[in-house]
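Student: Please take me through this structure one question at a time, with the cut-offs explained as they come up.
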Amino acid sequence: VGSSYSVVREPTGRFGGAIANIRDITKQKRDEQQQSTFISVMSHELKTPVAIIKGYASTLSRTDVKLNKATKAEMLTGIEEEADRLARLIGDLLEVSRMQAGGLRLHPAPFDLSDLAADVVAAFAATVDQRFEFQLRFEPKLPHVYADQERIRMVLSNLISNAIKYSPEGGVIRLGGWPENGHVLSYVTDEGIGIAQEELPKLFAPFYRVDNRLARETQGAGLGLYLTKSIIEAHGGRMWADSTLGKGSRFYWTLPIAPPSLPDVEPSVILA
Ligand code: ADP
């Protein structure tokens, strides 16, 4: 707690002001700390691909070094991959800064989450290898959710891409949902490496990555789940995870159900 807070005594003698101030300072300190971690992690994450691209490009442009075709092709692929990584990072970074600057601007509308999930799964199924099987288990006649469809597409993509990334042996990836207390509760589950219980509360913090071999080998800045949860919370929903180490993980989230659409009114009734 910072030492510069002042006690605001109200005429009634209450200390409400002081408490608010202490909280403000703590929050401000935390924000500043987060900001500096943000900048140092992000600059490291950005510098690495740039350094690799520069290294490959300068080797390729040297006339005194003879490279065989295969090595050249490898370096060009490396440049392409690192550029992709850079583009993804910049995209995430822009999203985070947009969010921190003014919250997320949502364009909510009613839509069928199971249709969207089928759409996103079809796109993934076409690109990932045979080790993965996708199962859709949404309750039939699921009520429409009221949400920003493009943001929810991003949520589904992030969760599915994590399920793939952290399941080296492949396995079944299930998506499903059902209505519950005015919202739709949905999930994505995998049969991957799982997450230790003590890591679960930290997963959604910006830049958090579980320290394991796979995390070191896979790309990521630890922003995906932070963005994903922020999107769900901006819709008034909740998000959490549950996991068994070595068995797999389950990510759950809620979204509000769309209010029933207004009954169609006969034009003649309006004119009357
Ligand atoms: P990234 O994948 O870019 O590191 P995320 O924010 O998406 O960042 O995830 C944070 C961390 O949570 C990951 O680094 C990983 O350690 C862990 N994680 C996320 N999804 C899963 C999953 N489905 N199975 C196991 N671990 C996961």
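Student: How many Å lie between an oxygen atom of the ligand and a polar backbone atom of Val 210?

Tutor: This is a predicted model, in which local features need pLDDT of at least 70 and side-chain atom pairs count only at pLDDT 80 or more, while totals for chains, interfaces and linings use all residues. Residues are numbered from 1 along each chain as its sequence is written, and side-chain values use heavy atoms, with hydrogens and water left out. A polar contact is a pair of N or O atoms within 3.5 Å; within protein, one must be able to donate a hydrogen and the other to accept it, and residues adjacent in sequence count only if both atoms are side-chain atoms. For the backbone of Val 210, the distance to the oxygen atom of the ligand is 3.1 Å.

Student: How much of the ligand's own accessible area does the protein cover?

Tutor: Accessible areas come from the Shrake-Rupley method with a 1.4 Å probe, and for residues only the protein chains shown count as cover. On its own the ligand has 530 Å² of such area, and the share of it covered by the protein is 97%.

Student: Which side chain has an N or O atom 2.8 Å from an oxygen atom of the ligand?

Tutor: Asn 162 also makes a side-chain approach, with a polar atom 2.9 Å from an oxygen atom of the ligand. The side chain with an N or O atom at 2.8 Å is that of Tyr 166.

Student: Which element gives the most residues to the shell around the ligand?

Tutor: A residue is near a molecule or strand if one of its heavy atoms lies within 4 Å of it, and 19 residues surround the ligand, the closest including Asp 190, Arg 209 and Leu 225. Helices (H or I, at least four residues) and strands (E, at least two) are DSSP runs numbered from the N terminus, and α4 (149-165), α6 (224-234) and β7 (248-256) each supply at least two residues of this shell. With three residues, the element that gives the most is α4.

Student: How many residues of the shell around the ligand are charged?

Tutor: Ala, Val, Leu, Ile, Met, Phe, Trp, Tyr, Cys and Pro count as nonpolar, Asp, Glu, Lys and Arg as charged, and the others, Gly among them, as polar. Ten residues of the shell are then nonpolar and six are polar, and the number that are charged is three.

Student: Which residues of β5 point the other way from His 183, Leu 185, Tyr 187 and Thr 189?

Tutor: Buried means under 20% relative accessible area, exposed over 50%, and partly exposed in between (1.4 Å probe, protein chains only), and seven of the seven residues of β5 (residues 183-189) are buried. In a regular strand the side chains alternate between the two faces of the sheet. Opposite to His 183, Leu 185, Tyr 187 and Thr 189, the residues that point the other way are Val 184, Ser 186 and Val 188.

Student: Which residue of β7 stands opposite Val 188?

Tutor: Two strands pair if DSSP finds at least two bridges between them, and β4 (residues 171-180) pairs with β5 in the antiparallel sense over seven bridges. The strands β5 and β7 also run antiparallel, joined by seven bridges. Within β7, the residue opposite Val 188 is Phe 251.

Student: Which residue in the hairpin of β4 and β5 takes a positive phi?

Tutor: At one bridge between these strands, Glu 180 has His 183 in β5 as its partner. The hairpin has two residues between the strands, and the residue with a positive phi, near 45°, is Asn 181.

Student: Why does Thr 254 count as buried?

Tutor: Thr 254 belongs to strand β7, and a polar atom of its side chain lies 2.9 Å from the backbone nitrogen of Arg 238. With contact meaning heavy atoms within 4.5 Å, and neighbours within four places in sequence left aside, Thr 254 is in contact with several residues, including His 183, Leu 185, Ile 232 and Trp 240. Thr 254 counts as buried because its relative accessibility is 4%.

Student: What is the relative accessible area of Ser 230, in helix α6?

Tutor: A polar atom of the Ser 230 side chain lies 2.7 Å from the backbone oxygen of Tyr 226. Not counting residues up to four places away in sequence, Ser 230 touches Met 99 and Leu 104. Ser 230 is buried, and its relative accessible area is 16%.
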